[in-house]
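Reader: I would like to go through this model with a few short questions. Please show it before we start.

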Amino acid sequence: MADESRERFLKDEHCYYEDCPGCKMERHNRLHRGFPFRHLLLISLIVLVTGLPISSLFPFLYFMVRDFNIAEKVEDIGYYSGFIGASFMIGRLLTSVFWGIVADRYGRKPVILFGIISLIIFNTLFGLSLNYWMAVITRFLLGSLNGILGPIKAYAIESVGVEYQAIAISSISTTWGVSLILGPAIGGYLAQPAEKFPSIFSSEGLFGRFPYFLPCLCTSVLAVATGIISLWLPESLHSHDENVPSPSRTYEALEDQPGDCDGKEATQTDEQNEMPSKSSLFKNWELMSAIVVYCMFSLHDMAYVEIFSLWAVSSRQLGGLNFTSGDVGEVLTITGFSVFVFQSSLYPSVERIFGPIMVSRICGILSIPLLAMYPFLSLLSGPVLHIVATLASALKNLLSVSIITGMFIIQNRAVGQRQRGAANGIAMTAVSVFKAIGPAAGGAILSWSQKRQNASFLPGSHMIFFILNVIEALGALLTFKPFLVQHQT
């Protein structure tokens, strides 16, 4: 029975090369139609360890900058915090296309493994930062040497059958969203352990002298385990010469399709055969428009993530919620769980019914009134404040992750395999510009808004959330035709 299935596969495929990892991956997907749980679990784990270091610093970044004694005034802490958050994205901006090209030439797996190793090293060093500039430099190197996110999106599409591609992309955006939420939760719970758990951690010990090392150490340990597991990650990139006839092709298959593997009319996978040829990615409007919309929403999301944590721990006098880092961690833990449940169970069905563009558009529009409500949370107190803040955070992040998932799907459907790594590299480069601007500008604007508590127009935190809403509204506007389109393939 297995031989018959293999023979049928070879006849259905254009070419099969025994030593090509991409062909082996496609053969496996053809012959094994079950849910690709193992692949999706490993992909999610890689994305998780990639996202955790990006966001885990936000709850303690305010206190870390304060301890560096670089800010002259309390209101200036947000300003300096923004540059630490932005340094990672600046590093990623400079190298994303390079890592995409490397992934297209040498494979997805080498780039993923190298990224995990660099993450382990520089995330650990960041937790051991002795001063402000060491923190900035280690974050920059972490961003520039970690090229995982682009190749892992390409890998997710290539490692599963067509029927599971939406779920694969959804698993990336879901895990990414969860990591951006659980990261702050880990940072909030584990930072300053000598103060929170004096019976366990001594103020004279390692975690007393480096109060922000423990959350970094935990994410690095998880990255070590992920790196070891990833050694068995199968490659998905085709490595054969399409102009050389396949030695594994059966005589009957050659008779059925005589022009496929004769050295003149060789074709690649079904996906590439159906995909229109696009010699220049920059002329691919479906891809470019999705990247622009992705950048706009990512600018908003990164600014929001930084602003929420800094605003929540700010005092009532500055318009904040006066939360502790532990309170922020609790809110974001519940938020992460809520996003995970929705994206893993409901989003694929919603996307099949409405399509990725409509889902992103609706979520963008719904985010606007939700954000406009945030400044009024400071009027609440006690358990009511915690409940409402948690519900608002969960809903806001659920909408944001759904938007990003839709953009991921459109981008990866717009190109074939040989362009997918470079396409995601371009997307990562472009979005890194906006994600670098987001934390830096967010921290600076928050600092400015907190100095104008008595202004007649949009005082205090009203101004910062108004600016976030302007960006969100612009992103939602760009989801309409004729700007954003998705061709049927």
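Reader: Which residues make the nonpolar surface patch of about 490 Å²?

Author: This is a predicted model. A residue needs over 30% relative accessible area to enter a patch, and nonpolar side chains are joined within 5 Å. The patch that results is made by Ile 353, Phe 354, Met 358, Ile 362 and Leu 366.

Reader: Which helix gives the most to the nonpolar patch?

Author: Two helices, α17 (347-354) and α18 (356-373), each supply at least two of its residues. Phe 354 lies in α17. The top contribution is three residues, and it comes from α18.

Reader: How far apart are the end C-alpha atoms of helix α21?

Author: Helix α21 covers residues 461-477, which is 17 residues. At 1.5 Å a residue the expected span is 24 Å, so the model agrees with it: the end C-alpha atoms are 25 Å apart.

Reader: Which residues of α21 are buried?

Author: Buried here means under 20% relative accessible area. In α21 the residues that meet this are Ser 461, Met 463, Ile 464, Phe 465, Leu 468, Asn 469, Ile 471, Glu 472, Gly 475 and Ala 476.

Reader: The structure holds two salt bridges. Are Arg 108 and Asp 104 buried or exposed?

Author: Their side chains meet in a salt bridge at 2.6 Å, N to O. Both Arg 108 and Asp 104 are buried.

Reader: What is the relative accessible area of Asp 67?

Author: Asp 67 forms a salt bridge with Arg 66 at 3.3 Å, N to O. Arg 66 counts as partly exposed because its relative accessibility is 38%. Asp 67 is also partly exposed, and its relative accessible area is 37%.

Conventions. Residues are numbered from 1 along each chain as its sequence is written. This is a predicted model: local features need pLDDT of at least 70, side-chain atom pairs count only at pLDDT 80 or more; totals for chains, interfaces and linings use all residues. Side-chain values use heavy atoms; hydrogens and water are left out. Patches are made of residues with over 30% relative accessible area and no salt bridge: like charges are joined within 9 Å, nonpolar side chains (Val, Leu, Ile, Met, Phe, Trp, Tyr) within 5 Å. Accessible areas come from the Shrake-Rupley method with a 1.4 Å probe; for residues, only the protein chains shown count as cover. A salt bridge is a side-chain nitrogen of Lys or Arg within 4 Å of a carboxyl oxygen of Asp or Glu. Helices (H or I, at least four residues) and strands (E, at least two) are DSSP runs, numbered from the N terminus. The expected span of a helix is 1.5 Å times one less than its number of residues. Buried means under 20% relative accessible area, exposed over 50%, partly exposed in between (1.4 Å probe, protein chains only).
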